[in-house]
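Colleague: I am new to this one. Please show it to me, and then I will ask how you know what you say.

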Amino acid sequence: MGRQGKFGRFGVFDLFNGLLMILVCFATLYPMWFVFINSFNAPKQALLGTVNWFPKEFSLASYSVVFNDKVLMNGFVITILRTVFGTVVHVLFTAIVAYGLSKSYLIGRKVYMKIALITMLFSGGLIPTFILMTKLGLYDNFMVFIIPAMYSFFNMVIFISFFRTIPDSLEESAKVDGASDYGVLFRIVLPNSMAVLATIALFSAVYHWNDYYQGVIYIRSQDILPMQTILFKIIAENSMSLMQQQAMAQFGAKLPGNSIKFASMMVATLPILVFYPFIQRYLVKGVMIGAIKG
Amino acid sequence: MGQHKTGQMKAFFRQWQLQSMVVPGIVWMFIFCYIPMFWLIIAFMDYSIAKPMLQSPFVGWKHFEAFTSDERFWRSIRNTLGMSAIKLALGFPIPLLFALLLNEVRSMRFKRTVQTISYLPHFIAWTIFGGIMLNWLGEGGVINQILIGLGFQEREILYISDPKYFWWITYFSDTLKETGWGAIIYIAAISGVDPGLYEAAELDGANRWQRMWHITIQCIRPTIAILFILAVAGMLGSNFDQIFMLKNNMNLKMAESLDLYVYNMGLVSGRHSFSTAVLFARSIVALALLFMANSASKKLSGEGIF
């Protein structure tokens with residue numbers, strides 16, 4: 001009875017448990033599949049929003065509207081810029097601060113850590129932060145995506161705990177050879193921390209790619225709106241760009257709305273879906289380190 | 001004493017490189033965390049964004065009195081607590097349950113695959129996921145078709161526009177999106193349980209459920225306790241990305257959480273001091289909640305986060 005190694009008896013429980021797990025996978029994947037098939041559906045089919053498994057009438061019409069939409073494509077570029085630039089800045093800045101704080105002989109270390117910890121317990125919140133951004137000139141400025149997201153306490157803790165596992169002897173020998181602290185960090189420590197750098201970079205990149213809220217609050221000019229904010233306006237507020245309005249007129253009033261929505265959702269999610277199988281283990285590793293430390 | 005100080009100063013400058021790595025971080029924290037904390041005092045002023053802060057008149061507790069007598073504020077408290085309570089009571093055990101059941105899967109490859117798939121929705125933006133929900137719950141949507149098809153309802157219900165469904169929509173969509181990801185920490189904790197314990201229990205004749213209850217659950221109790229503390233401490237918060245996406249003018253009366261109330265009052269209506277007063281009060285209560293949850297957990301399970 002019970003566990004006799006890997007090939008123990010496969011009972012009724014195992015059968016139901018396996019089926020339940022398959023159901024979980026189905027519930028997880030179906031929403032994305034739904035978007036996928038409906039984005040290829042001919043506009044009038046997608047409007048019906050019926051439960052289906054494959055496009056009823058295959059069409060690329062919605063994609064051609066999306067890829068010809070100047071506003072959406074500009075948002076796509078802004079999102080890429082924001083993701084690349086924001087991730088590099090976040091990883092470098094947080095890693096450098098963390099390296100300094102990982103040294104137990106750093107003078108003032110305890111005070112610094114307390115200053116950092118208090119920000120976790122208490123914060124100003126939305127309105128004071130909004131006023132600050134306005135006063136700093138970050139309102140309606142692309143840098144509002146980068147500078148306030150330069151640092152994160154949790155990622156810093158992950159970096160610190162990783163840097164501490166790097167053997168001191170490695171750093172000592174470089175110091176004997178006359179390397180400065182910056183030299184040690186960039187030539188010894190960071191090249192030996194690729195796994196954790198990848199993890200933090202991915203978290204930061206996913207944040208930048210998916211965030212729509214900063215754009216809603218801080219951005220007014222259309223030319224620096226990130227794609228997710230534009231999507232938010234299209235999906236939740238039902239606002240259509242000029243291009244889409246023209247498309248609607250062409251296909252008949254209101255008809256293509258849904259499939260254009262689905263096609264733009266697909267374009268916005270595709271990078272995540274494509275990279276996900278390769279990056280997911282780094283993401284999981286990051287949570288594990290964070291969970292053990294935090 | 002004086003000598004000690006100059007010695008420390010010298011040592012400080014000797015490690016100027018290390019210090020120059022940390023100090024920018026501290027400066028960043030001062031600007032982006034401490035200045036906003038300091039600006040919470042505009043809760044006691046009639047602040048106008050066009051003027052320097054100190055030129056605004058102090059008005060004492062005026063804004064606190066104003067929001068505590070605002071019905072819409074109490075409605076937002078009710079909505080926040082309602083949604084949090086549903087998520088805590090019915091949502092908190094689900095990732096744990098999922099992790100326990102996944103742990104019972106025998107085939108390693110199947111387990112890995114399920115795990116990987118279950119994380120995916122966590123990385124999909126709320127704009128996308130919310131968009132799917134809006135479509136499914138709307139007119140002619142998937143949910144209506146299934147329920148009508150199965151005979152549970154006779155005609156279409158506009159779930160997303162009817163306020164009475166909103167709390168449940170946030171609960172179900174959150175569960176659908178975050179169950180797999182929420183289970184990671186439990187899966188990690190379960191993998192750390194000593195396999196010898198299971199073997200011993202098996203020799204004593206414990207069945208599967210008994211092993212799950214007496215070994216797995218007992219061994220990961222600290223993890224459960226910590227996550228529970230954090231969930232209770234976060235009760236005054238809400239998933240803003242989610243609510244902001246799913247709310248509309250029809251369901252606002254059940255959808256407006258405290259966060260959304262602050263947003264609407266502060267940024268939409270421009271009442272900065274008024275909504276800062278709400279934030280101020282909320283910060284204090286949230287901090288108190290954290291300490292209370294922590295000490296309660298220490299008493300009950302011997303585990304706390306500080």
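The questions below go from the model as a whole to single residues.

Modeller: This is a predicted model, in which local features need pLDDT of at least 70, side-chain atom pairs count only at pLDDT 80 or more, and totals for chains, interfaces and linings use all residues. Residues are numbered from 1 along each chain as its sequence is written, and chains are lettered from A and ligands numbered from 1 in the order in which they are written.

Colleague: What pLDDT does chain B have?

Modeller: The mean for chain B is 89, and 98% of its residues reach 70 or more. pLDDT is the predictor's confidence in each residue, from 0 to 100. For the complex, the predictor gives an ipTM of 0.88 and a pTM of 0.89.

Colleague: How many helices and strands are there in chain A?

Modeller: Chain A has 14 helices and 0 strands. Both kinds are DSSP runs, numbered from the N terminus: helices are H or I, at least four residues, and strands are E, at least two.

Colleague: Which residues of chain A does UniProt list as "transmembrane region"?

Modeller: The unreviewed entry lists several spans, including 76-99 and 143-163 of chain A. UniProt positions are given in the numbering used here, feature names are shortened, and annotations may be inferred rather than shown by experiment. In the model, residues 76-99 of chain A are 100% helix and 0% strand, with end C-alpha atoms 34 Å apart. Residues 143-163 of chain A are 52% helix and 0% strand, and their end C-alpha atoms lie 29 Å apart.

Colleague: How many residues does each chain bring to the contact?

Modeller: Chain B brings 70 residues and chain A brings 74. Two residues are in contact if their C-beta atoms, placed from the backbone, lie within 7 Å. On the chain B side, the largest share, 13 residues, comes from helix H2 (residues 16-38) of chain B. That side divides into 45 nonpolar, 20 polar and 5 charged residues. Ala, Val, Leu, Ile, Met, Phe, Trp, Tyr, Cys and Pro count as nonpolar, Asp, Glu, Lys and Arg as charged, and the others, Gly among them, as polar.

Colleague: Why is B:Gln55 called exposed?

Modeller: B:Gln55 has 10 other C-beta atoms within 10 Å. A residue is exposed if 12 or fewer lie within 10 Å of its own C-beta, buried if 20 or more do, and partly exposed in between, with C-beta atoms placed from the backbone. So B:Gln55 counts as exposed. B:Gln55 is found in the loop between H2 and helix H3 (62-68) of chain B.

Colleague: And what makes B:Ala296 partly exposed?

Modeller: B:Ala296 has 15 other C-beta atoms within 10 Å, so B:Ala296 falls in between the two cut-offs. B:Ala296 lies in helix H16 (residues 272-301) of chain B. The C-alpha atoms of B:Ala296 and B:Ile229 are separated by 8.8 Å, though the two are 67 residues apart along the chain.

Colleague: Which residues of helix H8 of chain B are buried?

Modeller: B:Val142, B:Ile143 and B:Asn144 are buried in helix H8 (residues 142-149) of chain B. The buried residues of H8(B) pack against helix H7 (126-137) of chain B. After H8(B) comes B:Gly151, with a positive phi near 85°.
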